[in-house]
Amino acid sequence: MDQPAPLRSEYKRQKRAKRRGEVLDAAAATFAEHGYYAATMQDIAARLGMRPGSLYHYFRSKEEALAEVCRLGGHAFVETMREICAADRPARERLLEAITAHLAEDWRDYVSNFTLHRMAVPESVAPEMAQIARDYLALWVDLVRQGQVTGEIASDLDPRTTATALVGMCNGAAAAFPPPRAAGDGVAERLFALFLQGAAAR
């Protein structure tokens with residue numbers, strides 16, 4: 001017996017959404033591997049084993065694909081960081097969790113694109129990308145301040161400068177260590193220890 005029309009429509013929607021996610025992952029990986037300007041739609045299609053023309057069912061251009069990669073990655077990181085900031089745990093534990101999340105293997109390509117290539121997005125979405133970056137940094141600043149209030153981080157450090165340095169270390173590690181090393185070889189723990197040596201309250 002055929003499925004009712006609403007069920008068929010929902011199945012098709014979910015299938016398309018899953019495929020679009022796969023296309024996004026492929027675009028993120030391709031831009032990270034080749035560099036945004038050198039990468040082509042054909043490179044993305046080859047990674048998926050599909051014809052380049054089929055990609056245009058999902059994105060009208062390479063620029064639109066980059067914008068969506070940056071948008072998805074940026075919002076995911078902001079939401080993850082917001083949950084970490086709101087958790088009822090010591091600030092030091094949450095800082096390690098934040099560093100680990102930033103270096104997660106599943107999101108490394110998205111980090112790379114947002115950090116290195118978001119300036120190449122169309123002008124129409126550039127303000128949105130800038131706002132995402134500000135929101136993300138603001139959450140790190142808030143977490144540093146929480147650590148200062150509890151005496152876990154030195155009170156004489158400027159929270160914004162400290163947070164900017166932390167995010168910069170994470171971005172550098174994500175670029176320097178290919179997955180799974182960035183997430184699974186103690187890199188997050190070493191960055192955390194390095195930060196605490198200079199930032200812990202004395």
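User: Let's start with open space in this predicted model. What volume lies in the largest pocket?

Analyst: We're looking at a predicted model here. The number asked for is the space in its largest pocket, and that comes to about 280 Å³.

User: Which residues are the closest to the centre of that pocket?

Analyst: The lining of the largest pocket counts 19 residues. Of these, the ones closest to the centre are Phe-114, Arg-118, Tyr-136, Val-167 and Asn-171.

User: Which helix gives the most to the lining of the largest pocket?

Analyst: Four helices each supply at least two lining residues: α3 (62-86), α5, α6 (126-149) and α7. The top contributor, with 5 residues, is α6.

User: And how do the lining residues of the largest pocket divide by class?

Analyst: Charged residues number 2 in this lining, and polar ones 7. The nonpolar residues come to 10, so to put the split in order: 10 nonpolar, 7 polar and 2 charged.

User: Ala-133 caught my eye. Which residues is it in contact with, leaving aside neighbours within four places in sequence?

Analyst: Ala-133 sits in helix α6. From Ala-133 to Phe-114 is 19 residues in sequence and 8.7 Å in space, C-alpha to C-alpha. With neighbours within four places set aside, the contacts of Ala-133 are Phe-114 and Arg-118.

User: On to helix packing. Are α5 and α7 parallel or oblique to each other?

Analyst: Helix α5 covers residues 108-117 and helix α7 covers residues 159-176, and their axes are 10 Å apart. The angle between them is about 120 degrees. Angles of 65 to 115 degrees would count as roughly perpendicular and those over 145 as roughly antiparallel. This pair falls in neither range, so α5 and α7 are oblique.

User: Which residues of α7 does α5 meet, and what classes turn up in that contact?

Analyst: On the α5 side you'll find Arg-108, Val-111 and Thr-115, and they meet Asn-171, Ala-174 and Ala-175 of α7. By class, the residues of this contact are 3 nonpolar, 2 polar and 1 charged.

User: How about α4 and α7: is their crossing left-handed or right-handed?

Analyst: Helix α4 (residues 91-102) has its axis within 9 Å of that of α7, and the two cross at roughly 35 degrees. As for the hand, α5 and α7 cross in a left-handed way, whereas the crossing of α4 and α7 is right-handed.

User: Which residues make the contact of α4 with α7?

Analyst: From α7 come Leu-166, Val-167, Cys-170 and Asn-171. By class, this contact has 5 nonpolar, 2 polar and no charged residues. The α4 side is made by Leu-95, Ile-99 and His-102.

User: Last pair: are α3 and α4 roughly parallel or roughly antiparallel?

Analyst: Their axes are 10 Å apart, at an angle of about 165 degrees. Over 145 degrees counts as roughly antiparallel. α3 and α4 are therefore roughly antiparallel.

User: Which residues of α4 meet α3?

Analyst: α3 brings Phe-77, Thr-80, Met-81, Ile-84 and Cys-85 to this contact. The contact has 6 nonpolar, 2 polar and 2 charged residues. The residues of α4 that meet α3 are Arg-94, Glu-97, Ala-98, Ala-101 and His-102.

Technical notes: Residues are numbered from 1 along each chain as its sequence is written. This is a predicted model: local features need pLDDT of at least 70, side-chain atom pairs count only at pLDDT 80 or more; totals for chains, interfaces and linings use all residues. Side-chain values use heavy atoms; hydrogens and water are left out. Axes are lines fitted to C-alpha atoms, for helices over the stretch in contact, and angles run from 0 to 180 degrees between N-to-C directions. Angles under 35 degrees count as roughly parallel, over 145 as roughly antiparallel, 65 to 115 as roughly perpendicular and the rest as oblique. A crossing is left-handed if the near helix is turned anticlockwise from the far one by less than a right angle, and right-handed if clockwise. Contact means heavy atoms within 4.5 Å. On a 1 Å grid over the protein atoms alone, a cavity is a set of points where a 1.4 Å probe fits but cannot get out, and a pocket is an open set with protein on both sides within 12 Å along at least five of seven lines; lining residues have an atom within 4 Å of a point. Grid points are joined across faces, edges and corners, and a volume is the space filled by probe spheres set on the points.
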